[in-house]
Amino acid sequence: MSYDKPVARMRLLNEAYAELKSLDPQTCISKNFVRQLAISGKIPVVQVGKRRLINMDGLLDYLNTHIESEPETEGYGRVEYQNSSIVKAIKALLKDSPEKRWDGTATDLLSAGKRVTGSYVAPTSQRVGIELNKLGEALYKYDKIIYEPTPNGNSGRVYHFYYEEYFEVEEPEENEDYECVDF
């Protein structure tokens, strides 16, 4: 059996970043920028268990075509960001958490926002999701807060927020054998 198409080069975050650095040792692209591209869906990613595998060619295509023209924070300037009630609620929730992490649905964030800020952070849970999609890059840019939405059943998402310095990257051991997974 022969396969005529090129095989996708899938890499873990550390491997993708190492390959990017080997291609361009002087790159100013950070590992976290690659992580945010994967989380936001801007580059092709396959979830295998708890790990995200990054399509190396998709990453390189993105960097070659999008990096120059893309706005930094998709419309959220510093002042607008600082005045956002959702941002205030997220920062308060992280501050109150011993693990410096908060996970919940949009409805959970509405309730928590009311509790910590004294007012609702958005008129509906659907609006919370829309605003969070806009805020994702700004959360990292201004406060080093990692934002990861994950599917929650048929509809909705669970939102995960944590500070970058509390994020532990799972490093594979040198002798770890990797299994191929059939899809």
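Leaving aside its neighbours within four places in sequence, which residues is Gly 104 in contact with? In this predicted model, the answer is Arg 157, Val 158 and Tyr 159. Gly 104 is found in strand β4, and the chain has to travel a fair way to bring these partners together: Gly 104 and Arg 157 are 53 residues apart along the chain, yet their C-alpha atoms are separated by 8.3 Å. Gly 104 counts as buried because its relative accessible area is 5%, and buried means under 20%.

The strand that holds Gly 104 belongs to a sheet. This sheet is open, has three strands in the order β4-β6-β5, and is paired in the antiparallel sense. β4 (101–104) and β5 sit at the edges, each pairing on one side only. From one strand to the next, the twist averages 10 degrees. β4 and β6 are joined by four bridges, and β5 and β6 by seven. Some of the facing residues can be picked out by name. On the β4 side, Arg 101 has Tyr 162 of β6 as its bridge partner, while Trp 102 stands opposite Phe 161 in β6. On the β5 side, Ile 146 stands opposite Tyr 162 in β6. As for how covered β6 is, six of its seven residues are buried.

Helices lie against this sheet. α5 packs on it and touches β4, β5 and β6, with a direction about 65 degrees from that of β6. α6 lies across β4 and β6, and runs at about 125 degrees to β4.

Now for the nonpolar interior. The largest nonpolar core has 25 residues, and those touching the most other members are Ile 90, Leu 109, Val 128, Leu 132, Leu 139 and Phe 161. At least two residues of this core come from each of α5 (85–96), α6 (106–117), α7 (125–143), β5 (145–151) and β6 (157–163). Phe 161 is a handy place to look at how these pieces meet. Beyond its neighbours within four places in sequence, Phe 161 is in contact with Ile 90, Leu 94, Lys 100, Arg 101, Trp 102, Leu 132, Leu 139, Ile 145, Ile 146 and Tyr 147. Another core, of 15 residues, lies apart from the largest one and includes Tyr 17, Ile 29, Val 34 and Leu 63.

Leu 63 leads on to helix α3. This helix covers residues 56–65, and its buried residues are Met 56, Gly 58, Leu 59, Leu 60, Tyr 62 and Leu 63. What do the buried residues of α3 pack against? They pack against β1 (10–11), α1 (13–23), α2 (31–40) and β3 (51–55). As background, an α-helix has 3.6 residues a turn, so residues three or four places apart point the same way.

The N-terminal end of α3 has a cap. Asn 55 does this job, with a side-chain oxygen 3.0 Å from the backbone nitrogen of Asp 57. Asn 55 itself has its place in strand β3. Is Asn 55 buried or exposed? Its relative accessible area is 16%, and the cut-off for buried is under 20%, so Asn 55 is buried. Neighbours within four places in sequence aside, Asn 55 is in contact with Ala 8, Arg 9, Met 10 and Pro 44.

Terms used:
Residues are numbered from 1 along each chain as its sequence is written. This is a predicted model: local features need pLDDT of at least 70, side-chain atom pairs count only at pLDDT 80 or more; totals for chains, interfaces and linings use all residues. Side-chain values use heavy atoms; hydrogens and water are left out. A nonpolar core is a set of buried Ala, Val, Leu, Ile, Met, Phe, Trp, Tyr and Cys residues joined through side-chain atoms within 4.5 Å. Buried means under 20% relative accessible area, exposed over 50%, partly exposed in between (1.4 Å probe, protein chains only). Contact means heavy atoms within 4.5 Å. Two strands pair if DSSP finds at least two bridges between them. Axes are lines fitted to C-alpha atoms, for helices over the stretch in contact, and angles run from 0 to 180 degrees between N-to-C directions. A polar contact is a pair of N or O atoms within 3.5 Å; within protein, one must be able to donate a hydrogen and the other to accept it, and residues adjacent in sequence count only if both atoms are side-chain atoms.
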